[in-house]
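Here is a friendly walk through a two-part report on contacts, helix packing and backbone angles. Have a look at the model first, and then let's go through it together.

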Amino acid sequence: MTQPKRAIHILPLQTYLGIGSALLILTVVTVWVATIDLGPINLLVAMIIAAAKASLVALFFMHLKYDNKLYAVILLGALLFLAAFVVFTMFDTMDRGIIDGVRAGPINDQAVIYEQSTSGPTLPPAESVRSDTVLHREISPSE
Amino acid sequence: MSAENAAAGTAAHLQHHFVDSEQQQESAKLGMWIFLLTEILLFGGLFCFYAIYRAWNPEMFYDAHTHLDITLGAINTVVLITSSVTMALAIRSMQLDQKRATLLNLFATLALASVFLVIKYFEYAHKFELGQLPGKYYTFEGIAGSNPHVFFSVYFMMTGLHGIHVLIGMGVIGWIAYRTSKGHFSGKYYTPIEMTGLYWHLVDLIWIFLFPLLYLIS
């Protein structure tokens, strides 16, 4: 082909080692910050540090900084849909109970549910199957 | 394929339906990134699961997380980040046509991945012993608050799916190391190593978020 070929982009060794060190330092920082009580800000700080680490990995180790920008768009698109997924689900789950009064129950109540499902699981399905077949028999002669 | 390409003066690795090596590599990367997108959304379901239950039970999440070993989690974070560095260096070595250095870096990545899984095994074994298990298998009684089994459901599902990805990654890295040793790659053609690297870095990326979310709740 006549179009000029791009040379393979090879990063210097120092870049990889530097980014690796930065990631390790940020790991130490995130463990250290977690020992300080900042209230609800703790989660925010931890997520900002994690996002910074993720950006370093994506930009340098995954070469997004140097590659075709289409790949970065794909990654950001995935994160955008993930954000929409989580945020809109939270709109629902955080407002439950306002109308119908649903509450989280204690573990023992949960255990009762598990016991029910293990002790007599055969009865309800068998019954429903039977009623289905009866329904079919009733319909077929009339048609 | 290769005979025709050789006759036309092009590289043996070039498939006939691509214009040139660069287009072939870009297409492979595009496919890989779309695969990584589906991986992010796969884990996204679990991150959503985590967000809902943590928002519902903030105190229980805090109490339950104190039963995770921060030291082991931090060591695993360091191990996985280091393995990402060696994986990136493996690709760089192959770009420079250094087969031996590529193999050494791939083996280092494999070794670090094994260390990660061994540490994970000890963490899991400890929790199995105490009965800190998901759902109805939960028998531990040392955590106050409602439904602490939910935290361990989240914990085992997220770290378990991540662990499966580490295992698959090790398999692929092993295969890539074998092909490298057979001389299948060069400074002109190293796309499979690069794709493996992208996958491995994503596994690292997910752990970067899992570590603070599970081990460092304050």
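How far apart do the C-alpha centres of domain 1 of chain A and domain 2 of chain A lie? The C-alpha centres of these two domains of chain A are 22 Å apart. Domain 1 of chain A covers 12–66, and domain 2 of chain A covers 68–98. Please keep in mind that this is a predicted model.

**Where the chains meet**

Next comes the contact between the chains. Chain A contributes 46 residues to it and chain B contributes 45 residues. On the side of chain A that touches chain B, the elements giving two or more residues are α1 (13–34), α2 (41–61), α3 (69–93) and α4 (107–119) of chain A. Of these, α3(A) supplies the largest share, with 13 residues. Sorted by class, this side of chain A holds 31 nonpolar residues, along with ten polar and five charged ones.

**A helix pair in chain B**

Now for some packing within chain B. In general, a pair of packed helices is described by the angle between the axes and the distance between them. Helix α2 (residues 21–56) of chain B and helix α7 (residues 191–215) of chain B have axes that come within 10 Å and cross at roughly 20°. Angles under 35 degrees count as roughly parallel, and α2(B) and α7(B) are therefore roughly parallel to each other. Their crossing is right-handed.

Which residues of α2(B) meet α7(B)? They are Gln25(B), Ala28(B), Met32(B), Leu36(B), Glu39(B), Phe43(B) and Tyr50(B). Facing them from α7(B) are Thr191(B), Met195(B), Leu198(B), Leu202(B), Ile206(B) and Leu213(B). By class, the contact of α2(B) with α7(B) has ten nonpolar residues, two polar and one charged.

**Two positive phi values**

Most residues other than glycine have a negative phi. Two residues with a positive phi are set out here.

| Residue | Phi | Loop | C-beta neighbours within 10 Å |
|---|---|---|---|
| His63(A) | about 60° | between α2 and α3 of chain A | 20 |
| Asp97(B) | near 70° | between α4 (70–95) and α5 (99–130) of chain B | 13 |

Is His63(A) buried or exposed? His63(A) is buried, because 20 other C-beta atoms lie within 10 Å and the cut-off for burial is 20 or more. Asp97(B), with 13 C-beta neighbours inside 10 Å, counts as partly exposed. Neither residue is a glycine: His63(A) is not one, and Asp97(B) is a residue other than glycine.

Key:
Residues numbered from 1 in each chain as written. Chains lettered and ligands numbered in written order. Predicted model: local features only at pLDDT ≥ 70, side-chain atom pairs only at ≥ 80, totals over all residues. Contact = placed C-beta atoms within 7 Å. Helix = DSSP H or I, 4+ residues; strand = E, 2+ residues; numbered from the N terminus. Nonpolar A, V, L, I, M, F, W, Y, C, P; charged D, E, K, R; others polar. Axes fitted to C-alpha atoms, helices over the stretch in contact; angles between N-to-C directions. Parallel < 35°, antiparallel > 145°, perpendicular 65-115°, else oblique. Left-handed = near helix turned anticlockwise from the far one by under 90°. Buried ≥ 20, exposed ≤ 12 C-beta atoms within 10 Å, placed from the backbone. Domains from an automatic or database assignment.
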